[in-house]
Amino acid sequence: MSEAGSIDSAAVAAVREERVDWRFRSVAPSLSGLTIGEAAARGAKLFDDGFLGPFVVLDEEALEHNLRTMAGWCAERGVALAPHGKTTMAPQLFERQLAHGAWGITCANAGHLRIYRAFEVSRILLANQLLDPSGLRWLAGELDADPDFEFVCWVDSVRGVELMTEALRGARRKVDVLVELGADGGRTGVRDTETALAVAEAAHASPALRLRGSGGYEGALSHHTDDASLRLISSYVDGLRELIVAFNAKGLLDDAGQIIVTGGGSAYFDRVADELTKDWPDGLDVLPILRSGAYVTHDDGFYRVISPLGEHPRISGTESFRPALRAWAQVTSKPSDELALLTIGKRDASFDEGMPEPRLIRKGDGPPSTLDGHVVEKMNDQHAFLKLPASSPVEVGDWIGLGLSHPCTVFDKWPLIPVVGPDGETVLDFVRTHF
């Protein structure tokens, strides 16, 4: 297995030198003027020290548990991990993922790539086509300037290969590429072996590219865990293996060095690992890489249900992930005994894979207690509609703690997120996101 990737720790540490001010709308005004590091050192309390609701927080114990659990499982299964950074866009969390042995960090576009390189992430897998001439010329400069920088991205058409080759004219280092495998009903990627071979042959012949293997994303094919869905996922991943074998048979991987094959979002990484760690033909040095990103926080919705380490784990002998994201919103109105309105909406919390789930209630200065039987039925831009059961304890002024679904559409709403300790209220640190 390849050694872990790296990040510039000094650049990450410099994040904490940024001053806290009005841009971070939920952070207590009393912390304004302090650096992020100084504010973290204050040990402020969410409800006692003036944080402005709504706000989203990260649970430190759950974060560390998820980082450790995923790293240990990948090491045990013999797969590398290049977590998708688009989930958090937080170099502080990238640093922790790399410290737990991550091979590199995955990005989605040239803008992400530029942010990663600002923190000198040493290995970056761009799980997409990169055809923009400006982006490719900038990438070529990064590769030329840093011989330790490793980069790989998708190709899925001969035309794409031609465009990349033209934009990279004059670059000193070749750009590593993987042929992306798609599927009917999926997103990008070749749909058949004949097309895949044509793209691979074009990449192999390009003076600007080096063919390294195959990759794709199985999560676009299903959002279910029934037997038929899991068989579909396994069959797709087996197709990634077949491409490697086909490319090798034609001598297209002779210059690849270590061959890369990659799949694996946060929903089916168990099935991806099962297929990619099967025996390979003799002489093939293949590195299987997972790109799961949402595992770092898990969730109280979509991934809780579908993850291999969710509430009904498909993996035995490994602890399940824990939800590390929570939102807090105040009850601002109670028009009837059946309805309350919360000060949180689509601008604050995810809603694309399920509504926030009421989990806790905090009355006055008392500690939070469990809240059952309450449902957020819908959200507007700034309000959540909370359906109240009979004899609900909810009153105007109460604070409701909400579990969130699909972390990938939460982090982008919060440029500075408090990290809280075991009591759920004491701030230990802040995570700065870059979207």
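**Local environments and packing in the predicted model**

When its neighbours within four places in sequence are set aside, Arg25 is in contact with Leu52, Arg347, Asp348, Lys413 and Trp414. The structure described here is a predicted model, and in it Arg25 is found in the loop between α1 (9-14) and α2 (36-41). With a relative accessible area of 39%, Arg25 is partly exposed, and its side chain reaches the backbone oxygen of Lys413 at 3.3 Å. Glu150 lies 125 residues from Arg25 along the chain, and the C-alpha atoms of these two residues are separated by 37 Å.

A second loop residue, Ser266, is placed between β8 and α10. Ser266 is buried, its relative accessible area being 6%, and, residues up to four places away in sequence not being counted, Ser266 touches Ser292, Gly293, Ala294, Tyr295, Tyr303, Ser307 and Pro308. Two backbone nitrogens are approached by the side chain of Ser266: that of Gly293 lies 3.3 Å from one of its polar atoms, and that of Tyr295 is reached at 3.4 Å.

Helix α10 (residues 269-276) is largely enclosed by the rest of the structure, because six of its eight residues are buried. These buried residues are Phe269, Asp270, Val272, Ala273, Glu275 and Leu276, and the elements that cover them include α3 (60-77), α9, β8 (259-263) and β9 (286-290).

Helix α8 comprises the 13 residues 193-205, for which a rise of 1.5 Å a residue predicts a span of 18 Å; the C-alpha atoms at its ends are 18 Å apart, in agreement with that expectation. The buried residues of α8 are Ala196, Leu197, Val199, Ala200 and Ala203. Viewed down the axis of α8, these buried residues fall within an arc of 165 degrees, and they therefore line one face of the helix. The face of α8 turned away from this buried side carries the exposed residues Glu194 and Ala205, whereas the cover over the buried residues includes β5 (150-155), α7 (158-167), β6 (175-180), β7 (209-215) and α9 (227-249). The N-terminal end of α8 is capped by Asp192, a side-chain oxygen of which lies 3.2 Å from the backbone nitrogen of Glu194.

The largest nonpolar core has 115 residues, and Phe151, Val175 and Phe247 are those with the most contacts inside it. The element that gives the most to this core is α9, with nine residues. Apart from this core lies another, of 22 residues, among them Ile36, Val57, Trp399 and Val420. As for the surroundings of Val175, this residue touches Leu139, Leu143, Phe151, Cys153, Met164, Leu168, Ala208, Leu209 and Arg210, not counting residues up to four places away in sequence.

A disulfide is a covalent bond between the sulfur atoms of two cysteines. A search of the whole structure finds zero disulfides, and two cysteines illustrate this result. Cys74 is buried, with a relative accessible area of 4%, and the cysteine sulfur closest to its own, in Cys408, is 17 Å away, which is too far for a bond. Cys408 is likewise buried, with a relative accessible area of 14%; the cysteine sulfur closest to that of Cys408 belongs to Cys107 and is 14 Å away, again too far for a bond.

Key: Residues are numbered from 1 along each chain as its sequence is written. This is a predicted model: local features need pLDDT of at least 70, side-chain atom pairs count only at pLDDT 80 or more; totals for chains, interfaces and linings use all residues. Side-chain values use heavy atoms; hydrogens and water are left out. Helices (H or I, at least four residues) and strands (E, at least two) are DSSP runs, numbered from the N terminus. The expected span of a helix is 1.5 Å times one less than its number of residues. Buried means under 20% relative accessible area, exposed over 50%, partly exposed in between (1.4 Å probe, protein chains only). The arc is that of the directions from the helix axis to the C-beta atoms. Contact means heavy atoms within 4.5 Å. A polar contact is a pair of N or O atoms within 3.5 Å; within protein, one must be able to donate a hydrogen and the other to accept it, and residues adjacent in sequence count only if both atoms are side-chain atoms. A nonpolar core is a set of buried Ala, Val, Leu, Ile, Met, Phe, Trp, Tyr and Cys residues joined through side-chain atoms within 4.5 Å. A disulfide is a pair of cysteine sulfur atoms within 2.5 Å.
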